[in-house]
Amino acid sequence: MNIKLRAPLINMKGKYKFYILLICCLMLTTGLLSQAKTIEPINLNIASIEIPSGIDDLTPTFRWSIRSEGKNIFQSSFAIRIASRSDLLSSPDVWESGSINSDRQEIKLPESVKLNSGSRYYWQVRIWDQQGQESRWSEITYFTTGLLEEDWTAEWMAPPVLTISAAADKEKNKNEERPTWWMRRIVKLDNVPDRVALAVVCLGYYELYVNGKRVGNEPLAPSVTKLDKRGLCVTHEIGELLQPGENIIALASSSGWYLPNRFKVYEGKTPLIRMQAYTRDGDKLQTIFGSDLDWFAREANRTIIGRWGWNNFGGEAVDGRLESSSWKEIGHSTEGWNPVNIVSTPPIVVSARTCPPNRIGATYKAEKVRLLSEDLYEIDFGRCLAGIVRLRFPNVSRDKKIVMRFFDLPADYVSKKDQSYKQISTYVTRGDGTDVFENKFNYAGFRYVTIEGLDEQPELENFEAMLVETALDPVGTFNCSNELFNQIHELNVHTIRCLNLGGYHVDCPQRERNGYGADGQTAMPAYPYLFDSESFLHKWLLDWLDVFEPETGRIPHTAPVQHRFESPAWGGIVGPLAWQQYIFYGDRRALELAFPAVGANLERLQSWVRDGVLLKELAAPKFHGDWVAPRRGMGSKNGPTWEMKELFNTAYLIYLWQTYADMGRVLGEAEEVAKAEATIASMQESFHGNFFNEESGYYLIPEQAYQAMPLWVGAVPKEKRKEIHARLIDLIENKSDGHLDTGLPGTTFLLDYLEESENHETIYTIMNKETYPSWGYMLAQGATTIWEQWNGYWSQIHSCFAGPASWFYTGLAGIKPDPEHPGFEEFILKPAFVEGLDFVDASYRSIRGTIGSSWRRDGESIKWTVTIPPNSTGIVYVPCSDPKAINVDGMLLSHETEAVRSVRGEVIQRFRLPSGTWELDWQK
């Protein structure tokens, strides 16, 4: 049997040829490269969504993975078939591709194949391996298409705003409260079609009910967008809840983010809603009902507290005496209800939501209760989270007002800052033993809840906290012999789960809830290794493109909720975010969408440059550099100087041009690439003269970020690189005793440089610290999420340093994408076998399948097990000077490999491995 070969391997600089393949003769004679008995296409999906609902792309890209227990398995061809019903797949009525000779595990539907909007389609795949062995047809899956703009006949509606009294209005405004609404209408049906879909666009938050039953269980739906630019359409299947005769369709809704202080709202402080129920019979799309004047509404028994601005996100005020379930059921009186307002179409784009919804990701029982003062109790849920609570009050009298405040530190923590951040909710009791407070349209970042107004000490069993997150499934596993590293990994996982609610990455859930670009870049390296992030990150990229201003090139600090300020390393996320989607998921369209915005923004930033320096007086008013470094953070009165910010941002601008050039090469934009390369060369050449201090021997000052940044972007003259690198390592290992002195985003870029320069032992030292400042210090102080600052000042749930786990995968396990072969068609396996670790076990489920890298040290011997998914190739690096000392599956690696040198001059053997699980061992 032949081993399928890919293109000849060359080293990173293209100076060496790769002469051998691997292991062939001995392994072939012993039959170790045995053909799998079966191959199977699995994990059928569209853009990582297993069963997409209501998509508006009528030429979607279909994708699959391959399962096989054999080795050296490559796909040589595939076939796909699509039908309007599952029972028609054997003779598909939509499309049958026939056998397509390709090793690609995806195909974009040809434009010649016409899909109807508002329809359901079923599909299957079969594949052939390189020997012509045919798989069975995959399991059947399906997707639904949504409504296109021309399909909509329903109106946009808003709840009526009724002034009950001037005094009541004044009181609500004083307390920064705004109402939520109950909305309903009757739908009479002679019969119920086989399938009924309901498309909902809500600029705000909503819960949907049909005949009294909740449709789905998503909290805080839908995902957040720039609501004066884009609304998301969510498609629900409601046919099974309908009945012949009278039906009640009901909504509970709130304005959510759709507020005048956040967006250019179209209709007061109310949500805007458009919905349309439909079915399809062949070519005919039939509307069953929609949003119109048949809807009635009234204010509900809860209001939203807080302005929803910095440090003022409030909570919810609920009157339990007015609680009702009958409002969403048949037969409920509509006395006191009023017709909705019908408004003209707002000037926004409506697109299908293709990122995962929100979900309740975990539920935590209360662990401790303590009395703080008379009538004031504190509940401890054991760990920080972002989400909602369910608090039962079975033993309270009627008309009691219970006040709840939410904290990320104990309520009596000694601090100049209010750790509740004005997160407050209230509840007025019925007193019949059934009182329950539960959030619906607001959430909090917290660990502790204080409760005031109870008649007696509460019982722990009555209190639950629920983590709300975007439904991102885990794709990475990591475990090693260093328990601190395992704890940092788990800390990173949980922190990101607390920061992704609403389909975008926020800085913190309690004080700002803003999608800052620099914060996003700190977490971005960890996202694809920890979670199935493709559709989530793509949605956030669209958020950034929505806040981009084409006429000026401006990209602000945040997306999708727009910030008025801008800084290079904040709005600069767009290029790196698109590039990450390309190398991890092969998503070329991300580059195509982002490239014009990145180019325009670079022109804007470059206009602030004089003589090679991005100058403070030309830049935007808020001009952040390395934010919240130790001893330079908020509260220190010792923040970075303007000169430090200029160095940092000038180096970051070079990085953005480098990213732009990489994108342009992929897209074939030769003219833009040439312009970028010329700009990069010019800025690199002038950087040293502008910032190097000949007397001290450092760039500007002896702090880590200001040496790492020029090294990272190649701005240090060749003859100075070893010297500056040595000074940087000395700053870390000696001056700082192995600690960081970097902030956001300098920490991320420093670690990137250390990894690129193969200083894994230095990273190991940094990660292994349990004293200030370090992630280990946070854990030693009892942190359950990553802090905003290394010293714990302010937010305890934050994204400033939310990416340490990436090095566990890229460094210790050595699993890295290859930009020349995006989407893990071919990838790198190059672990750092650092002293101090006895073993590392890691896996990463790529879009091609699961990659494994597990190694163990036994004295001077290392055993390394690697798993390469079918239809993929691993480029393996073994730190061994003698290739004859390497065994693969118990047999000598007798063929020549390519000997390359590491950045530090060590000899490494490099060779390819095809798919399968391989056991490697050698003497170090």
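This report walks through a few strands, one sheet and one helix of a predicted model.

## Strand 25 and its surroundings

Let's begin with strand 25, which covers residues 376-393. Of its 18 residues, 15 are buried, so the rest of the structure largely encloses this strand.

Who are its partners? Strand 24 (residues 368-373) pairs with strand 25 in the antiparallel sense, over five bridges. Within that pairing, lysine 368 has aspartate 380 of strand 25 as its bridge partner. The two strands form a hairpin with two residues between them, and there aspartate 375 takes a positive phi near 70°.

## More partners of strand 25

Strand 29 (residues 444-452) also runs antiparallel to strand 25, and eight bridges join the two. If you want a spot to look at, try alanine 386, whose bridge partner in strand 29 is glycine 445.

Then there's strand 30 (residues 463-470), joined to strand 25 by five bridges, again antiparallel. Here isoleucine 388 stands opposite methionine 466 of strand 30. Strand 28 (residues 435-438) pairs with strand 25 as well, in the antiparallel sense and over four bridges. In this case arginine 390 faces glutamate 438, which sits in strand 28. As background, strands of a sheet pair through backbone hydrogen bonds, either parallel or antiparallel.

## A hairpin earlier in the chain

Now for strands 16 and 17. Strand 16 (residues 272-281) and strand 17 (residues 284-290) run antiparallel, with six bridges joining them. To find one of the paired positions, go to tyrosine 278: its bridge partner in strand 17 is threonine 287.

This hairpin has two residues between its strands, and glycine 282 takes a positive phi near 65°.

## An open sheet of five strands

Further along, five strands make up an open sheet with mixed pairing, in the order 36-37-41-45-44. At its edges are strand 36 (815-817) and strand 44 (898-901), each of which pairs on one side only. On average, neighbouring strands in this sheet are turned by 30° against each other, ignoring direction.

Inside that order, strand 41 (residues 873-878) pairs with strand 45 (residues 907-913) in the antiparallel sense, through five bridges. Tyrosine 877 is a handy landmark here, as it stands opposite arginine 910 of strand 45.

## A helix with a bend

Helix 9 takes in residues 588-606. At 1.5 Å a residue, its 19 residues should span 27 Å, and the end C-alpha atoms are 26 Å apart, which agrees. Even so, follow the helix along and you'll come to a bend of about 40° at alanine 594, with proline 596 following within four residues.

Which residues of helix 9 are buried? The list runs Ala590, Leu591, Ala594, Phe595, Ala597, Val598, Gly599, Asn601, Leu602 and Leu605. Notice that alanine 594, where the helix bends, is among these buried residues.

## A buried glutamine

One last stop is glutamine 75, which lies in strand 3 (residues 75-83). Is this residue buried or exposed? Its relative accessibility is 1%, so glutamine 75 counts as buried, the cut-off for that being under 20%.

What does the side chain of glutamine 75 reach? At 3.1 Å there is the backbone oxygen of serine 102.

How values were computed
Residues are numbered from 1 along each chain as its sequence is written. This is a predicted model: local features need pLDDT of at least 70, side-chain atom pairs count only at pLDDT 80 or more; totals for chains, interfaces and linings use all residues. Side-chain values use heavy atoms; hydrogens and water are left out. Buried means under 20% relative accessible area, exposed over 50%, partly exposed in between (1.4 Å probe, protein chains only). Two strands pair if DSSP finds at least two bridges between them. Axes are lines fitted to C-alpha atoms, for helices over the stretch in contact, and angles run from 0 to 180 degrees between N-to-C directions. A polar contact is a pair of N or O atoms within 3.5 Å; within protein, one must be able to donate a hydrogen and the other to accept it, and residues adjacent in sequence count only if both atoms are side-chain atoms. The expected span of a helix is 1.5 Å times one less than its number of residues. The bend at a residue is the angle between axes fitted to the seven residues ending there and the seven starting there.
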